[in-house]
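Colleague: Could you take me through one part of this model in detail? I would like a close look at a single helix and its surroundings, with the reasoning spelled out.

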Amino acid sequence: ENAALSRSMCDYSCKYAGDQDELDPNHPLICYSFWHFHYDEEEDDYNIMFNPSPHTSSKCLEHMRSSKKALMRYVCSLCEKPQKMWKDYLSSSSSEVAKEEASRRPKRGVVYTGNVGHIRSIFVSISLLRHRTNSTLPIEVFIPLEYISRCQQMAEMFDDTTCRTSPNDLPPYENKPFAIIHSHFDEVMFMDADNFPFEKDPAFLFDTPEFKETGALFWPDLWGHACIHTSNHIKDKKSASYQYYPLSMRNEFRSLSGQSAWPDHVIWRYCNVEWQPSWQVAQEFESGQLIVDKKRHKPSLLLANYLTADKFAQNVLYGDKDCFRFAWLMLGGQKSYKLIKDKPVQIGEFRENGRGHYEREYLAQRYNNSIYFIHQKNSATRKEGVKKFLIPKEGFVWKKSSAFKYSYCPPNYDNLPNEDVTTEEFHIVNDTTDEFNAAWSRFFDQGEQFA
């Protein structure tokens, strides 16, 4: 049944009146995310990469306060009547989705979602799942009704694969939680259309101790709190005050990203979550793959869905990935899920085009040092060249930054000079995935009919 909801969050949300958000002018909040600007920053601080002094715009605070009232009302409803909220959401779906009945209800399976332009990539992913990893997990593909016949043509080529309809009018990032919630599976492994199983059957991940303990597995993105100032050390974990940001970050080719993992980002105040120096909290999520037990996490899934459609949340987050992080933190805390400890592996090439640089092409996600997923691979990465895996070394700390003890931030992968890719930080490994790449290319060519 549902995991225990946070009593403090439920009390806070049901009593929230808006007057709790008087802000300390000495502790301004950050309102941008991943170089996306939606408030005064784009007028005043577009050059923020070179002069990133923190401030909070009045537009941001005004929007936060008005939106937070609605958010807290929704959270309070989830606390008071979670089962009703779940049933109400399911019944509010379009008639095409609501009338679909499961002929049987397998316990677990894989879910994809996409549009007509994603069918070819989904075909490749399912082909690798069935013919390379030999997985027999049942599969559901959610796609708008107007493209369901083309999806069904693809699904007929595989065992136990079904196409399901999704509404045409969903907000861009609501498709993922919508598909998970409406899936006929109780335990869902969601995979993006451009995410591909590598060698091992990912069904094993349902039986890991981490999933059995929490019912929710997430994978880390490249960016976290370690992408912030290198010299500041956390002295008081309750403090969200950092007065200066690193002017030299870009010059040192270290990514300046992961804003939602920074302790003075506005999202912590918006969601009423306490920032903490821990891997579970201070690292952003990468949601190209996730595994969740719906029976245990109905309220958190509904809240993640809410945040993907919430305009303020989407202004200060980046898509759906950290909507899952904050939904789980709000309702269950960091013990209600597991963020896989393996850092993402970058896969790319060392190029020579006037000056040597490393160019990332896609990611590999791991569990216990074994690769399970290759994410963001597409036809552009078929070009010839010797690819290298950059595998982050455990225990690496950049410039004595305390944040690296519980978070991660890679060098900037945009034209990263070769000399900045060091063996101190990475195991630099030759690409040994020839068989995978050959299989991927073969299935990609076979899927041309769905292009």
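Modeller: Happy to; here is a walk around helix H4, with a shorter stop at another helix and two loop residues for company. Please keep in mind that this is a predicted model.

Let's begin with what H4 hides and what it shows. Helix H4 spans residues 82-91, and its buried residues are Pro82, Met85, Trp86 and Tyr89. These four cover an arc of only 100° around the axis, which puts them on the same side of H4. The spacing fits a general rule: an α-helix has 3.6 residues a turn, so residues three or four places apart point the same way. Turn to the other side of H4 and you find Lys87 and Ser91, both exposed.

What does the buried side pack against? The buried residues of H4 have three helices as partners: H3 (58-80), H8 (175-182) and H12. H12 is the one to look at closely. Two packed helices are described by the angle between their axes and the distance between the axes. For H4 and H12 (residues 298-309), the angle is about 50° and the axes lie 9 Å apart. That angle makes H4 oblique to H12, and the crossing is left-handed. On the H4 side, the contact is made by Pro82, Gln83, Met85, Trp86 and Tyr89; from H12 come Lys298, Pro299, Leu301, Leu302 and Asn305. By residue class, this contact holds seven nonpolar, two polar and one charged.

Helix H7 (residues 148-155) can be read in a similar way. Its buried residues are Ile148, Cys151, Met154 and Ala155. Viewed down the axis of H7, they fall within an arc of 115°, so they line one face of the helix. Their packing partners are helix H6 (119-131) together with two strands, S2 (139-144) and S3 (161-166).

From H6 it is natural to move on to the loop that joins H6 and S2, where Asn134 lies. Most residues other than glycine have a negative phi, yet phi of Asn134 is positive, near 60°. Asn134 has a relative accessibility of 55% and therefore counts as exposed, the cut-off being over 50%.

A second asparagine is worth finding on your screen. Asn369 sits in the loop between strand S10 (356-367) and strand S11 (370-375). Its phi, near 75°, is also a positive value in a residue other than glycine, and at 57% relative accessibility Asn369 counts as exposed.

How values were computed
Residues are numbered from 1 along each chain as its sequence is written. This is a predicted model: local features need pLDDT of at least 70, side-chain atom pairs count only at pLDDT 80 or more; totals for chains, interfaces and linings use all residues. Side-chain values use heavy atoms; hydrogens and water are left out. Buried means under 20% relative accessible area, exposed over 50%, partly exposed in between (1.4 Å probe, protein chains only). The arc is that of the directions from the helix axis to the C-beta atoms. Contact means heavy atoms within 4.5 Å. Axes are lines fitted to C-alpha atoms, for helices over the stretch in contact, and angles run from 0 to 180 degrees between N-to-C directions. Angles under 35 degrees count as roughly parallel, over 145 as roughly antiparallel, 65 to 115 as roughly perpendicular and the rest as oblique. A crossing is left-handed if the near helix is turned anticlockwise from the far one by less than a right angle, and right-handed if clockwise. Ala, Val, Leu, Ile, Met, Phe, Trp, Tyr, Cys and Pro count as nonpolar, Asp, Glu, Lys and Arg as charged, and the others, Gly among them, as polar.
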